[in-house]
Amino acid sequence: MAIPLNYVTPGTGRDLSLHKTGEEGFRKAVEDFTASLSSYDRRYLQLEEKVVIVGDTQVGKSCLLQRFTKNSFTDNSALPTIGLDFVKQLYTYAGLSFTLSIWDTAGQERHQSACTNVYRGALACIGAFDLGMPMTLAHVKQWVAKVRKENEKTHINEFCIFLVGCKEDMYHTVSDTQAQNVAAELKAEYFEVSAKSGLNVKALFDRVACVLFERALVRQMDEWKKVNEQKKENNVKLTSEEDVGDEFLLGGKGIQNWKDVKKPPRRWRCCWMG
Ligand SMILES: Nc1nc2c(ncn2[C@@H]2O[C@H](COP(=O)(O)OP(=O)(O)OP(=O)(O)O)[C@@H](O)[C@H]2O)c(=O)[nH]1
Ligand SMILES: [Mg+2]
């Protein structure tokens, strides 16, 4: 699936770094980055980010995911999630692949212990509530706080939140203003969705993929920059693809060619290996 770079942000939105020059600029940045990689680097480049869906039980989290992945909905037949469920969605953009792993968690209290570990490492959180149950909107703040807490030591500045009002097809008791206020408080983007009709479901996940793809890319570019600077510092000259790989794996130790690396004498090697 191609990532649509739709930066028209519903709700509050946030300013992304690479897209400031528009889609043209973004594409060029991605293409320049890809061109700067050796074929070895390109082969091993893995862009993957995790998003977790949290919220009270019965708000419609699993149905939302089912609509996105299977494009189906079965009324009143969904069972509560026990523990966890997850899917991976592969996206591509300008020749780069990006995997969005989506984790659906259980809203029931008794299954919570299994979920906490999964919160760790998530770059985004979908806080789901039922548009017909105001209490579930109030609880979203606590759910999001749990996920934030697990990630505050590692990447809290990159962490992003999507507030999602489910069951749009049914009678609303949560007003738009109430939802927008919570979204503003959480600095979240707000979506109203219906797993039943399919309204906004694809738009939501495409937007999540788009935001996380950019963050993953910026992170990767920074890492590559550091590696390249290290190479320059160590005056590493790379002659072939293989050398790039070996040198990269060895953390820029300055080996120019594997043929130059002398094997230890056989006898010594036997002793050393015990
Ligand atoms: N009308 C309507 N019903 C929905 C929609 N989404 C979910 N439901 C119903 O809401 C109920 C709960 O849906 P689930 O997706 O299982 O809820 P959940 O949030 O995953 O619940 P837990 O797994 O217990 O945390 C089911 O009976 C669904 O049929 C929707 O968009 N419209
Ligand atoms: Mg569920």
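At what angle do helix 3 and helix 7 pack, and how far apart are their axes? Good morning, colleagues. The structure before us is a predicted model, and I shall begin with this pair of helices.

Helix 3, residues 61-70, packs against helix 7, residues 201-233, at an angle of about 85 degrees, and the two axes are 9 Å apart. An angle of 65 to 115 degrees counts as roughly perpendicular, so helix 3 is roughly perpendicular to helix 7. Helix 3 contributes Leu 64, Arg 67 and Phe 68 to the contact, while helix 7 contributes Val 201, Lys 202 and Phe 205. By class, four of the residues in this contact are nonpolar, two are charged and none is polar.

I turn next to helix 1. Its 15 residues, 22-36, should span 21 Å at 1.5 Å a residue, and the end C-alpha atoms are indeed 21 Å apart. Phe 26, Ala 29 and Val 30 of helix 1 are buried. Viewed down the axis, the buried residues fall within an arc of 95 degrees, so they line one face of the helix. Their cover includes helix 7, together with strand 2 (84-93) and strand 3 (96-105). On the other side of helix 1, Glu 24, Gly 25, Asp 32 and Ala 35 are exposed.

Finally, I draw your attention to Leu 131, in the loop between strand 4 (124-130) and helix 5 (134-151). Is this residue buried or exposed? Leu 131 is buried, because 26 other C-beta atoms lie within 10 Å and 20 or more suffice. Among the residues that Leu 131 touches are Cys 166, Met 170, His 172 and Val 174. The C-alpha atom of Leu 131 is separated by 9.4 Å from that of Val 193, 62 residues apart along the chain.

Note on methods
Residues are numbered from 1 along each chain as its sequence is written. Chains are lettered from A and ligands numbered from 1 in the order in which they are written. This is a predicted model: local features need pLDDT of at least 70, side-chain atom pairs count only at pLDDT 80 or more; totals for chains, interfaces and linings use all residues. Axes are lines fitted to C-alpha atoms, for helices over the stretch in contact, and angles run from 0 to 180 degrees between N-to-C directions. Helices (H or I, at least four residues) and strands (E, at least two) are DSSP runs, numbered from the N terminus. Angles under 35 degrees count as roughly parallel, over 145 as roughly antiparallel, 65 to 115 as roughly perpendicular and the rest as oblique. Two residues are in contact if their C-beta atoms, placed from the backbone, lie within 7 Å. Ala, Val, Leu, Ile, Met, Phe, Trp, Tyr, Cys and Pro count as nonpolar, Asp, Glu, Lys and Arg as charged, and the others, Gly among them, as polar. A residue is buried if 20 or more other C-beta atoms lie within 10 Å of its own, exposed if 12 or fewer, and partly exposed in between; C-beta atoms are placed from the backbone. The expected span of a helix is 1.5 Å times one less than its number of residues. The arc is that of the directions from the helix axis to the C-beta atoms. Lists of a residue's contacts leave out its neighbours within four places in sequence.
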